[in-house]
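Me: I would like to go through this model piece by piece. Please keep the answers short and end each one on the value or name I ask for.

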Amino acid sequence: MRRRRTPPPPSPLPQRAGVDAVRVRLPAGGWGTVRAYLLERLSGAGPGTVDAMLAAGEFVAGDGHPVTADTPYHPGTYVFFHRDLRPEVPVPFPLEVVYRDAHLVVADKPHFLATTPRGGHVAETALARLRRDLDLPALGAAHRLDRLTAGLVMFTVRPDERGAYQALFRDRRVRKEYEAVAPYAPQLALPRTVRSRILKERGVLAAREIPGEPNAETLVDEAAHRPATATAPALARYRLVPRTGQTHQLRVHLNTLGVPILGDPLYPEVAPRVPPGDFRRPLQLLARELAFTDPVTGREHRFRSARSLAAWEAYEDWAQ
């Protein structure tokens, strides 16, 4: 019988700017002190950083007591600390709350705002913003939306209910609908269902399609199209209904059809990174609709984003 792992203790440290403390479970190993392990684990932090944090009491054990330079090492215990929050360029677009009750918060996320802390985006994320703005420190993400994608994203208010809402997405019990602006291809017969096997490798920016049993399925339809003008190419607004949730699935599938989404920095080719603060030409992909049966209250929910895609509304302004 498989032994159930003991859940980690709650963080004894309060959040900073809506960001949780880092939790580290000490692995099996021959370190004599916690300090020795931290020096190895955080070797990239810079000379003297770990010792300075130890001296300041910034590492704490699960019981809230400070870790000192000679604290013995015990595998399986936990250490908590706050990462150094580096300055981030604020994303200058509003994060709208479209629904809130005792269980859920549904937000209409702008382009360029990450859903949860990751990499260089920590305090400037939808989760951290909502925790601060709504005074809900226990708020958690039920799913994630790419940083470059705008639209609806769902958060849970109560940690003990988070698993139930995450299961909605895992078990494909949420109906999701997206919109995208991409080149108009009159020869493309729509609607159609695209199926393929998508592989996203760790450390590789773009996903790719490989031979094998499909693990990604998207219904693609056209909502509208317009002819080319003197200042804009022929464009179409596509309706996308994913039936699976592979990384970059919609972007990969439209690219496969020969109509890559406008503003996509990865498909068909990986473009050079833009500097922080460059908010021009956002990816023209929007999570338009979420619909599901609430697993806690039994209520039928259907939410729709009020955002529009800039390249469809005014291509010339978007393309500047």
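Me: Which residue in β12 stands opposite D221?
Reply: A caution to begin with: this is a predicted model. β11 covers residues 216-226, and D221 falls in that strand. β11 pairs with β12, residues 235-242, in the antiparallel sense over 8 bridges. Opposite D221 in β12 stands R239.

Me: β11 also pairs with β9. Which residue of β11 stands opposite R192?
Reply: β9 spans residues 192-199 and runs antiparallel to β11. The two strands are joined by 5 bridges. Opposite R192 in β11 stands V220.

Me: What comes just before β9: where is the peptide bond to P191 placed, and is it cis or trans?
Reply: P191 lies in the loop between β8 and β9. The bond runs from L190 to P191, and its omega is near 0°. That makes the peptide bond cis.

Me: Which residue comes before P268, and what is omega for the bond that joins them?
Reply: P268 sits in the loop between α5 and β13. The residue before P268 is Y267, and the bond joining them is cis. Its omega is about 10°.

Me: D278 lies in the loop between α5 and β13 too. Is D278 buried or exposed?
Reply: The loop runs between α5 (249-256) and β13 (285-293). The side chain of D278 makes a polar contact of 2.8 Å with that of R280. The relative accessible area of D278 is 15%. The cut-off for buried is under 20%, so D278 counts as buried.

Me: Now the open sheet with β1, β2 and β3. In what order do the strands lie?
Reply: The sheet has 3 strands, and the pairing is antiparallel. The edge strands are β1 (22-25) and β2 (60-61), and each pairs on one side only. That leaves β3 between them, and the order is β1-β3-β2.

Me: Which residue of β3 does V60 face?
Reply: β2 and β3 run antiparallel, and 2 bridges join them. β3 covers residues 78-81. The residue standing opposite V60 is F80.

Me: L13 touches both V60 and F80. Is L13 buried, partly exposed or exposed?
Reply: L13 is found in the segment before β1. Leaving aside residues up to four places away in sequence, L13 touches A21, V60, F80, F81 and H82. Its relative accessibility is 22%. Partly exposed covers the range between 20% and 50%, so L13 is partly exposed.

Me: How far apart in space are L13 and L38?
Reply: In sequence, L13 and L38 are 25 residues apart. The distance in space is taken from C-alpha to C-alpha. That distance is 18 Å.

Me: Which strands do the buried residues of α4 pack against?
Reply: α4 covers residues 162-170. Y165, A167, L168 and F169 are buried in this helix. Just after α4, R172 takes a positive phi of about 60°. The strands that the buried residues pack against are β5 (104-109), β7 (150-156), β8 (175-183) and β13.

Me: F112 has a positive phi although it is not a glycine. Is F112 buried or exposed?
Reply: F112 lies in the loop between β5 and α3. Its phi is about 80°. The relative accessible area is 9%. Buried means under 20%, so F112 is buried.

Me: And D135, another residue with positive phi: is D135 buried or exposed?
Reply: D135 is found in the loop between α3 and β6. Its phi is near 55°. The relative accessible area is 62%. Exposed means over 50%, so D135 is exposed.

Me: Last, the chain overall. How many helices and strands are there, and what share of the residues is buried?
Reply: The C-alpha trace spans about 70 × 45 × 45 Å along its principal axes. The secondary structure comes to 7 helices and 14 strands. The chain has 320 residues, and the share that counts as buried is 43%.

Definitions and conventions
Residues numbered from 1 in each chain as written. Heavy atoms only, no water. Pairing = 2+ DSSP bridges. Helix = DSSP H or I, 4+ residues; strand = E, 2+ residues; numbered from the N terminus. Buried < 20%, exposed > 50% of the residue type's maximum accessible area, 1.4 Å probe, protein only. Polar contact = N/O pair within 3.5 Å; in protein donor to acceptor, adjacent residues only side chain to side chain. Contact = heavy atoms within 4.5 Å.
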